[in-house]
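Let us walk through this structure together, one part at a time. Please have the sequence and the 3D view open as you read.

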2 protein chains.
Amino acid sequence: MGFEVLDRQSVVPLYFQIQQHLLEQIRSGSLKAGDPVPSEQEISARLRVSRMTARQALKSLCNLGLVYSQRGKGTFVSGRKLEKDFRQLLSFSEEMHQRGSQPRSKVLTFEPVLAPAEVAAALHLEPNEQIVRLRRVRLADSISVCIETTHVPEKLFPDLLKSFEPTQSLYEEMAQRYGIRVAYADEVAEASAATPAEAKLLRIRHKAPVFRFTRTAFSVDGRAIEFVKSVYRGDRCKVVSRLTRQVKIGGR
Amino acid sequence: MGFEVLDRQSVVPLYFQIQQHLLEQIRSGSLKAGDPVPSEQEISARLRVSRMTARQALKSLCNLGLVYSQRGKGTFVSGRKLEKDFRQLLSFSEEMHQRGSQPRSKVLTFEPVLAPAEVAAALHLEPNEQIVRLRRVRLADSISVCIETTHVPEKLFPDLLKSFEPTQSLYEEMAQRYGIRVAYADEVAEASAATPAEAKLLRIRHKAPVFRFTRTAFSVDGRAIEFVKSVYRGDRCKVVSRLTRQVKIGGR
DNA sequence: AAGTGGTCTAGACCACTCG
DNA sequence: GAGTGGTCTAGACCACTTG
């Protein structure tokens, strides 16, 4: 733990600078799984910050799951790997970039429609409200990977049809042009078999194994902003999750 | 926000008492999605605690995803439901109980074996180290739902073969008798088709859609303690996840 | 201007773990 | 007994939002 780490003039909070510094040590391997992290008092003394600030840095690492604390013993690097970001909410484009693949899209349709019942229910709209529907075949390195049908409410994204270039990233457009940021999504995955039409688009056998996903995305304030149905080739797609065992909240 | 909420003699931390009180208001519906939660200063003044303590209570609710804060505006109840705990790490027994179904198990084999390469790699063991393998057909309300093969290292759970009743919950046994608690698990799901043997055990058609899961469970200190392979009927199983969009950690 | 959350300080007492 | 994390206090300054 160096002494020259902190820039007190910076707008970056002190606790965050400390957090980043420790993060770097974990990433680089200077701190390995099981190693003790500098204690709150040590950070406090060495970097001349209050103990609460040191604590906040450690707490944030703890929340990220990178370290864990034991009362009376200390704080230690946990066994989890940094490399894998499990089950983040990523758009298709982002996911492909992260894997180092080149994403491409073939647009099937991009049009205004009246919300079918299932979509209206998921997005909390009145039946037959106006939505924009975008159907795309998604490719990774020129191989068809999935068929994706996205639905967004027209009223949240007016003029999307005119302004959006449907081969681009929708999440970026939402953030840049409309200031609406996706915070989380609920997703349901099913194991199924390809229909003839799907098989043709994905260039796989009829009845080959596929994943069917339905995903509803929400903004921080809990508004439903996107509903997606997608079909992924079973042989080119695995769903990786990290499950955590939590304390019960609010239960009796 | 009442005044009689806090018990200052209690061993329960003040921030936790405050958190529980707010939680109750959200659960009961007194505070609805979008409603502002009492501000830090209000809690601080009304309950005569320091602002940092009030803040800690709100922070913990924030980490649970039940409220969100906006600088300069306030803290608000988020749109998420309390009812659904998405994608917790649950054992089969726990999952069925939560759904209100009756779990049952048919034990196929329960025996010591030498770890095959795949299992040894997942559990970080030497090849051919001693493990205990348990193969079960799992039933919900008397319908076969999945075939599950569990592997645990013998050295972590000595005498498991003698003491454990294999129709019971393994996670409970681990916690009760060995003091080893599962903290999280990494899981990979694939969409596939049933083999003839699997089809027979699950009473489904040959080549019917199934999920294949492999799961490695870890304790808090990052030790791998369990490796499970399972096959679920595709028509009786959906994988529900909540995905969150996080800040990048440790990236460039 | 008033109210909000975000950060920070310099102390304090406690329960716990370990040698 | 020395060191650890868990909790708590009573202040402070800041940036941000809203009327």
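A polar contact here is a pair of N or O atoms within 3.5 Å. Keep in mind, too, that this is a predicted model.

With that cut-off in hand, begin at DNA strand C. A side-chain N or O atom of Thr75(B) is 3.1 Å from a phosphate oxygen of this strand, so the pair falls within 3.5 Å and counts as a polar contact. Chain A reaches the phosphates of strand C as well: the side chain of Tyr15(A) places an N or O atom 3.1 Å from a phosphate oxygen, and for the side chain of Lys73(A) the distance is 3.2 Å.

Now step back to the elements behind these contacts. Chain A gives two or more residues to the surface near DNA strand C from helix 1 (14–28) and from helix 3 (51–63), while in chain B the elements that do so are helix 2 (40–47), helix 3 (51–63), strand 2 (67–70) and strand 3 (74–77). Helix 3 of chain A has the largest share, with four residues. There are 26 residues around DNA strand C, and those that come nearest are Leu14(A), Thr53(A), Gln41(B), Arg51(B) and Arg55(B). Sorted by class, this surface holds six nonpolar, eleven polar and nine charged residues. On the DNA side, 66% of the strand C atoms within 4 Å of the protein belong to sugar or phosphate, and the rest belong to bases.

Next, turn to DNA strand D. Which part of this strand does Gly72(A) approach with a backbone N or O atom? The partner is a base nitrogen of DNA strand D, 2.9 Å away. Phosphate oxygens of this strand have partners too: an N or O atom in the side chain of Thr75(A) is 3.1 Å from one, and the side chain of Lys73(B) has an N or O atom at 3.3 Å from a phosphate oxygen. Near strand D, chain A gives two or more residues from each of helix 2 (40–47), helix 3, strand 2 (67–70) and strand 3 (74–77), and chain B does so from helix 1 (14–28) and helix 3. Here the largest share, four residues, comes from helix 3 of chain B.

Around DNA strand D there are 26 residues, of which Gln41(A), Arg51(A), Arg55(A), Leu14(B) and Thr53(B) come nearest. Their surface divides into six nonpolar, eleven polar and nine charged residues. Of the strand D atoms within 4 Å of the protein, 68% are sugar or phosphate atoms and the rest are base atoms.

Let us leave the DNA and look at Thr150(A), which sits in strand 6 (residues 143–153) of chain A. Thr150(A) counts as buried because its relative accessible area is 3%, under the 20% cut-off. Leaving aside residues up to four places away in sequence, Thr150(A) touches several others, among them Val132(A), Leu134(A), Leu170(A) and Phe227(A).

Our last stop is the cysteines. How many disulfides are there over all chains? The count is zero. Cys237(A) has its nearest cysteine sulfur, that of Cys146(A), 8.4 Å away, so the two do not meet the 2.5 Å limit for a disulfide. In chain B, Cys237(B) is likewise in no disulfide, and the sulfur of Cys146(B) is the nearest, at 8.3 Å. Cys237(A) is buried, with a relative accessible area of 13%, and Cys237(B) is buried with 12%.

Note on methods. Residues are numbered from 1 along each chain as its sequence is written. Chains are lettered from A and ligands numbered from 1 in the order in which they are written. This is a predicted model: local features need pLDDT of at least 70, side-chain atom pairs count only at pLDDT 80 or more; totals for chains, interfaces and linings use all residues. Side-chain values use heavy atoms; hydrogens and water are left out. A residue is near a molecule or strand if one of its heavy atoms lies within 4 Å of it. A polar contact is a pair of N or O atoms within 3.5 Å; within protein, one must be able to donate a hydrogen and the other to accept it, and residues adjacent in sequence count only if both atoms are side-chain atoms. Ala, Val, Leu, Ile, Met, Phe, Trp, Tyr, Cys and Pro count as nonpolar, Asp, Glu, Lys and Arg as charged, and the others, Gly among them, as polar. Buried means under 20% relative accessible area, exposed over 50%, partly exposed in between (1.4 Å probe, protein chains only). Contact means heavy atoms within 4.5 Å.
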